[in-house]
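Q: Could you take a close look at the part of this model where the ligand sits, and go through the residues around it one by one? I am in my first year, so a careful, connected account would help me most.

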Amino acid sequence: MGSIAIEAPKETKPTFGKDANSREYARSLDAKCHMRSFREKFIIPSKANTKSKKVVRPEQTTDDPVIYFCGNSLGLQPKATREFLDIHLNTWASIAVNGHFRDLEDSPLTQWQLLAEHASKQQAPLVGASPSEVATMGTLTGNLHLLMGSFYKPTATKNKVILDWKAFPSDHYAIESQIRMWGYDPKECMVMIGPKEGEYEVSTESILTLIDEHASTTALVMLPGIQYYTGQYFDIQKITVHAQSKGLLIGWDCAHAAGNVPLQLHDWNVDFAAWCTYKYMNSGPGGIAGLFVHERHGKVEYPENGSAVFRPRLSGWYGGDQVGRFNMDNNFRPSPGASGYQVSNPSVVDLTSFCASLSVFNQSSMADVRKKALSITAYLEHLLLSTSTEGERAFKIITPSDPSARGTQLSVLLKPGRLETLSNMLEEAGIIADKRKPDVIRVAPVPMYNTYEEVWEFVQIFNEALKRCE
Ligand SMILES: Cc1ncc(COP(=O)(O)O)c(C=O)c1O
């Protein structure tokens with residue numbers, strides 16, 4: 001596995017009728033939608049509540065929902081979250097420390113000591129991994145550091161990291177600081193992959209070429225699965241195979257990909273990956289994160305009469321195997337697989353919240369999520385483009401138009417000077433989308449809870465607001 005890139009089948013873009021720009025048409029798409037029952041499983045904030053300066057109790061919620069296109073930043077709260085957290089609080093209140101080792105018959109949760117493994121098992125299919133290749137732990141940037149601690153081993157001649165031109169600042173800082181920690185100069189060691197001047201999309205060919213140019217001096221390639229700014233979905237498999245054919249290790253930040261597109265981290269032979277779960281996976285702000293370590297890197301061997309042989313890493317007691325974890329003998333025997341990368345006992349509140357959102361996710365499949373994402377994103381793109389004339393348009397969609405090269409987010413680049421006014425108008429109309437200065441708004445219709453009607457309504461308000469910016 002891992003030496004040949006199998007061409008992924010091209011995904012086709014749905015097309016829409018001439019009468020697509022009407023509320024009735026949008027409603028007809030919602031009526032046919034295979035995921036329409038999922039919206040009910042989430043709490044959609046109301047327009048009034050989003051302006052509130054006080055905590056609003058559930059019974060005070062009004063029924064005038066905002067259009068929430070910000071699930072690429074923070075996913076909405078599943079109704080199951082409160083129920084799961086209640087169960088956890090009751091467990092803690094009733095059996096206290098015994099919760100570490102006792103499974104309760106009527107709880108959807110496990111004993112706390114095994115809850116991270118329970119969550120890993122459930123999220124593994126979402127990222128195309130076997131359960132033992134996934135750890136549910138910590139936070140994204142912290143996990144990137146732990147992974148780089150194990151996978152970035154620079155030498156005097158091979159010390160570069162190839163990264164994205166617009167890596168999310170936290171990734172950039174993490175890489176920069178790792179290089180410094182090893183005593184090298186980030187200016188010389190950070191090689192950025194970027195688009196051609198004036199473009200936003202980065203071609204796979206240019207990435208492969210850059211890898212070729214720097215392979216002999218590079219220690220690690222670290223890229224985003226989906227670029228947070230443009231929404232470009234990189235060809236993870238092809239790039240992984242290519243980097244590895246040059247003898248390089250490659251890791252992927254899947255913050256914007258996990259729960260958004262159907263990843264196949266194991267089959268694509270990815271060395272390692274990390275993601276947060278508070279975006280498309282709806283675990284709540286700052287929720288517990290996920291990481292992937294391919295099974296070949298997670299092996300632990302015990303030579304006869306010898307101590308454990310495993311990939312070096314930064315360790316803590318929760319990475320030790322469950323049998324010996326409480327021996328307190330200072331003899332570190334890592335759990336095989338990704339769970340051997342754990343360091344601390346995880347926050348059960350965070351895990352509980354994540355398990356609640358996984359319980360919703362697991363009533364669906366990534367194939368179903370993708371099917372709706374392809375369609376609802378194409379509908380958004382179609383309406384944006386068909387309700388304006390090329391040449392006169394005051395915006396440009398900088399997300400690739402190829403559906404295989406994007407998830408659910410479209411990034412819209414506005415002509416200069418419009419962002420503040422436009423965002424204020426959208427907000428006023430009860431639309432929550434994300435702005436990235438100086439000129440981009442990111443719009444993410446999330447398959448789980450957004451509707452085609454919301455997309456239609458958004459485009460009407462967006463067009464009207466743009467006119468008023470002139
Ligand atoms: C691509 C990417 N990397 C890193 C981070 C930082 O995540 P955290 O604060 O959970 O470490 C984010 C947060 O949105 C992100 O989108």
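A: For the feature "binding site", the unreviewed UniProt entry lists Leu140, Thr141, Phe168, Pro169, Ser170, Asp171, Asp253, His256, Tyr278, Trp317 and Asn345. These positions span 206 residues in sequence, and because the farthest two C-alpha atoms among them are 30.5 Å apart, they do not all gather at one spot. Please keep in mind that the model is predicted, and that the list of binding-site positions comes from a record.

We can now turn from the record to the atoms around the ligand. The residues that surround the ligand in the model are Leu140, Thr141, Phe168, Ser170, Asp171, Asp253, Ala255, His256, Tyr278 and Lys279. Sorted by class, this shell has four nonpolar, three polar and three charged residues.

Some of these residues bring polar atoms to the ligand. In the side chain of Asp171, a polar atom lies 2.7 Å from a nitrogen atom of the ligand, and a polar side-chain atom of Asp253 lies 3.0 Å from a nitrogen atom of the ligand. Tyr278 takes part through its side chain as well, where an N or O atom is 2.6 Å from an oxygen atom of the ligand. Taken alone, the ligand exposes 400 Å², and the protein buries 81% of that area. If we ask which elements give two or more residues to the shell around the ligand, they are helix H5 (140-151) and helix H6 (169-181). Ser170, which is one of the residues surrounding the ligand, has its place in helix H6. With a relative accessibility of 21%, Ser170 counts as partly exposed, since the class called buried requires a value under 20%.

Lys279 deserves a separate look, since this residue is part of the shell around the ligand and also carries an annotation of its own. The unreviewed UniProt entry places the feature "modified residue: N6-(pyridoxal phosphate)lysine" at Lys279. In the model, Lys279 is found in the loop between strand E9 (272-275) and strand E10 (289-293). Lys279 has a relative accessible area of 9%, and it is therefore buried. Leaving aside its neighbours within four places in sequence, Lys279 is in contact with Gly71, Asn72, Ser73, Leu74, Gly75, Ala255 and His256. Two residues in that list, Ala255 and His256, also belong to the set that surrounds the ligand. With Asn72 there is a polar approach too, as the backbone oxygen of Asn72 lies 3.4 Å from a polar atom of the Lys279 side chain.

Finally, let us return to the record and to Trp317, one of the positions it lists for the binding site. Trp317 lies in the loop between E10 and helix H10 (348-361). Its relative accessible area is 39%, so Trp317 is partly exposed. When neighbours within four places in sequence are left aside, the residues in contact with Trp317 are Arg325, Phe326, Met328, Val343, Ser344 and Asn345. Among these contacts is Asn345, which the record likewise lists for the binding site.

Key: Residues are numbered from 1 along each chain as its sequence is written. This is a predicted model: local features need pLDDT of at least 70, side-chain atom pairs count only at pLDDT 80 or more; totals for chains, interfaces and linings use all residues. Side-chain values use heavy atoms; hydrogens and water are left out. A residue is near a molecule or strand if one of its heavy atoms lies within 4 Å of it. A polar contact is a pair of N or O atoms within 3.5 Å; within protein, one must be able to donate a hydrogen and the other to accept it, and residues adjacent in sequence count only if both atoms are side-chain atoms. Accessible areas come from the Shrake-Rupley method with a 1.4 Å probe; for residues, only the protein chains shown count as cover. Helices (H or I, at least four residues) and strands (E, at least two) are DSSP runs, numbered from the N terminus. Ala, Val, Leu, Ile, Met, Phe, Trp, Tyr, Cys and Pro count as nonpolar, Asp, Glu, Lys and Arg as charged, and the others, Gly among them, as polar. UniProt positions are given in the numbering used here, feature names are shortened, and annotations may be inferred rather than shown by experiment. Buried means under 20% relative accessible area, exposed over 50%, partly exposed in between (1.4 Å probe, protein chains only). Contact means heavy atoms within 4.5 Å.
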